[in-house]
Amino acid sequence: MSPAAVTVDRLEKTLGKNRVLRGISFEADSGEIFGLLGPNGAGKTTTLRIICTLLAPDAGSVAVLGFDTRKAPEEIRLRVGVVTAEIGVYARLSARENIAYFAELSGVLDGELNRRVDAVIDRLDMGSFANQRAESLSSGQKQKVAIARAIVHDPEILMFDEPTSNLDVLASREIRDFMVESRERGKCVIFSTHVLHDAERLCDRVTILHQGTVVASGTTADVRGSHRDLEDAFLELVE
Amino acid sequence: MKALGIVFRKELREILRDRRTLIAIGLAALATPTVLIVISQVTAKTATQTYTVGYSGDIPVGLDTLLSATALKLERVPDPAAAAKKQVDLGVVFQPTQIDEYYDPSRQSAQIADTRLQTVLGQYDAAKAAAALREKGIDPALLSPIPLKVHPLSSPVKAAGNAFLSFFLPYILITMVFTGGLSAALDATAGEREKKTLEALLLTPSPRSRILLGKILAVTTISLVSAVAAIGSMLLTLSQLPLLGTRVTLSPLAAAVMVWLAILLAASFSSLTLALGTLAKNFRQGQAFSTPLYFITIFPASIILFIPNFNPNLAYYLIPILNAVLVLRDAIVQNSIAWPALGVTTASLLATALICWFATLRLFTREALLIRS
C-alpha cells in the first residue's frame, strides 16, 4: 500500500491566546476527495495553512508526499495548489497574466509556460475572458482565475478552503465538478467546508473537527452511520 | 534569482497600468517648472516694482531725482507716520537737520522700500560730502583712507544660482524619490493584503527574499523615474528661465553625484516604505504610517536653508538623508567631491537599505502577516 499523500500527526497550534488545534491526526490519499469539516473556528483553515507550509506547527508533524513541512517547505509548495474563498486577483493584470505570473513563480519553465497557461484556460473554459483585465471580471470568473493559478503548475495535491462560499449556484457547481474531475485524474483533493451537504455529495472520506479536535473520521458513509445525513451526525457528535 | 525578475516585471507592469501613479509622476514633472516660473515672475516683479514714499517737509535738492531713479515714488502726505501704516510703503519727514523714517517691518513692501531708501541716502550723503570737500580743495578720497577692492573668485551671480540649487535640488530629490515610489510600495505590500493576493503569493515556492527584492527593485525604479522626471523638468526650466539674474545650470559632476545619491536614496526609501506597507493592514493605514516619515525625510533639506554654512565633521555623514543633502550641496556649490564624505554617505545609505530590507523580510516571514489579514 502506497503512503498517504498527506499525513497529519498529533498536530497542535496556538494563535495568540487561542489554542486552535489540540493534537489532530488524519491522512488523505491520492485519488480521493477528503473532507475536512467542522463549524467556523474549528481549525480547518489553520490545518490547511500548516499543510501548505504557510504556518508552522507548534507540536506534531505534517508530511506531504513524504516531505516534512518543517524541513522542505519549498518542495511541498511545488506540489500543492490551494484555492480559498478569498478570490483576490491582481486587478490590473489580465486573467492570463495573473495565471502566468503564478506559473512562473511556481517554477514552470519558459518553454512550457504558454502551453501550460493555454491548457488551464481551456480546461476551465476561460477563453472568452482570458485577456480581460481582472478588475472587469465577475466573481465566478475571478474564482476560475484563482483555481487556474492554483493548478497551473500541475500540483499533486489540491486544497479547497470554503471555495464556494462567495459564489452563486452555477459557479459553485463548476467548482464541485472540477474537484470530481481532479479526483479522477488521481489527485489528492482536500475539501474544507462547513457546508456538510456539499461534503456529503463529494467526499470519499471525511474528518470532522470541533474546537480543535477530531470528533469523527472515516468514510462518509461510516461517519453518517444511521443518521439521516452528515449534519445530523455532526450535531449529535458536538452536542 | 529568476523569481526576482518575475516579480519585478509584474510589479512594474501593474504600476505602469496604475493611472494614479502615472498622474502623480506627470504632475511632479509639471509642478517644479510651474513653481519656478512663479518664483521667477515674482522675483522680477519685486525688483522692478515702484514703492511709494509718503513725505512731509522739504526734500533736499537732487534727492527726489535719485529716489525716482530707484523706483521710489514720492507722495506728499499730512502725517507720514500714520500713512506708513497702510496708505504708503514708507513715511519720511524731511527736517533741516535730520530725516525721520517710519515703516512697518511686518510689511515686505516696507522692508524693500526701506532698503532702497537707505541705499539712496548713503549715496546722496557720500556725494554731498565729496562735493563739500572738493569745494574746500580737499581730495574726497580722504573719506576712504583704505579703499576696498573686491575680487570675487567666482561669478557672484553664478554663486547665487548655485546657492539656490543647493537648497532646491536636494529638497526636490528627496521629496520625489520618497513620494514617487510610495504608492507603488504600499500597493505591493499593504495592497497585496487588502486585495487578498498575499496568501496566494506566499504559497508559491519562490523564496520570499527574492519576492521582496523584486518588489524593492520595482519601487526603486519608479522612484528614480519620478525623481528624474521632476529634476529633469526643473533643470530644463532653469536653463531657459532667467532666475536670480542668470540661467542656472547643473555641472556634470554635480549631476553625476545627484544620480548616484538618487539611486541610494531610492533603494533606502523603497525598503523603508515596503516595511511600513508590510506593517499596515491596508493601503490607507500605510499612507497614515508614511506621513510622519515624509516630514522626517524633508527635515535635513531644511537644515541647509536655516544653516547655510553648516559644515559638519565626517561623523554627521553617517546620518541618512542629511548626508545626501550635504554631499549634494557640496557638489553643487564647490563643484567638487569630498571622497571620504561620499564614501561614508554611500556606506550609510546602503546600510540603511539593507537594514530596512532585512526588517521587511522578517515581517514578511512572520505568521502574523497572514493572521492579521
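Which residue just after α4(A) takes a positive phi? I looked this up first and found A:D125, with a phi of about 55°. I note here that the model is a predicted one.

**Entry on helix α4 of chain A**

I then turned to the helix itself. Helix α4 of chain A runs over residues 110–123 and has 14 residues. From its first C-alpha to its last I read a span of 20 Å, close to the 20 Å expected at 1.5 Å a residue.

I asked which residues of α4(A) are buried. They are A:L113, A:V117, A:V120 and A:I121. Viewed down the axis of α4(A), the buried residues fall within an arc of 100°, so they line one face of the helix. On the other side of α4(A), I found A:G111 and A:D122 exposed. I also looked for what covers the buried residues, and the cover includes α3 (95–105) and α5 (139–151) of chain A.

**Entry on the contact between chains A and B**

I recorded that 30 residues from chain A and 28 residues from chain B take part in the contact. The size of an interface is often given as the accessible area lost when the parts come together. For chain A and chain B, the buried area is about 2900 Å². Carbon and sulfur atoms give 56% of that area. In chain A, the residues that lose the most area to chain B are A:L54, A:R92 and A:L105, together 26% of what that side buries.

I next looked up the charged and polar pairs. Side chains of opposite charge can pair when their charged atoms come close. Between chain A and chain B I noted 7 salt bridges. One salt bridge that I examined joins B:R13 to A:E97, with the closest N and O atoms 3.6 Å apart. There are also 12 residue pairs in polar contact between chain A and chain B.

Which elements give two or more residues to the side of chain A that touches chain B? I listed β1 (6–15), α2 (73–79), β6 (80–84) and α3 of chain A. The most comes from α3(A), which gives 5 residues to that side.

**Entry on salt bridges**

Over all chains, the structure holds 34 salt bridges. I looked up several of them.

A:E75 and A:R79 form a salt bridge, and their closest N and O atoms are 2.8 Å apart. Both residues lie in helix α2 of chain A, 4 residues apart, which is about one turn of the helix. I checked whether A:E75 is buried or exposed, and at 32% relative accessibility A:E75 counts as partly exposed. A:R79 also counts as partly exposed, at 21%, because buried requires a value under 20%.

The side chains of A:R133 and A:E135 meet in a salt bridge, at 3.8 Å from N to O. I found A:R133 partly exposed at 32% relative accessibility, and A:E135 partly exposed at 47%. A further salt bridge links A:E181 and A:R185, at 3.4 Å from N to O. A:E181 counts as partly exposed, at 27% relative accessibility.

In chain B, I found a network of salt bridges that links B:K10, B:E11, B:E14, B:E192 and B:K215.

**Entry on B:S233**

Last, I looked up B:S233, which is found in helix α9 (residues 208–240) of chain B. Its relative accessibility is 14%, and B:S233 therefore counts as buried, the limit being under 20%. Which residues are in contact with B:S233, leaving aside its neighbours within four places in sequence? I found B:A29, B:P33 and B:V228.

Conventions. Residues are numbered from 1 along each chain as its sequence is written. Chains are lettered from A and ligands numbered from 1 in the order in which they are written. This is a predicted model: local features need pLDDT of at least 70, side-chain atom pairs count only at pLDDT 80 or more; totals for chains, interfaces and linings use all residues. Side-chain values use heavy atoms; hydrogens and water are left out. Buried means under 20% relative accessible area, exposed over 50%, partly exposed in between (1.4 Å probe, protein chains only). Contact means heavy atoms within 4.5 Å. The expected span of a helix is 1.5 Å times one less than its number of residues. The arc is that of the directions from the helix axis to the C-beta atoms. Buried area is the accessible area (1.4 Å probe) that two parts lose on being put together, summed over both. A salt bridge is a side-chain nitrogen of Lys or Arg within 4 Å of a carboxyl oxygen of Asp or Glu. A polar contact is a pair of N or O atoms within 3.5 Å; within protein, one must be able to donate a hydrogen and the other to accept it, and residues adjacent in sequence count only if both atoms are side-chain atoms.
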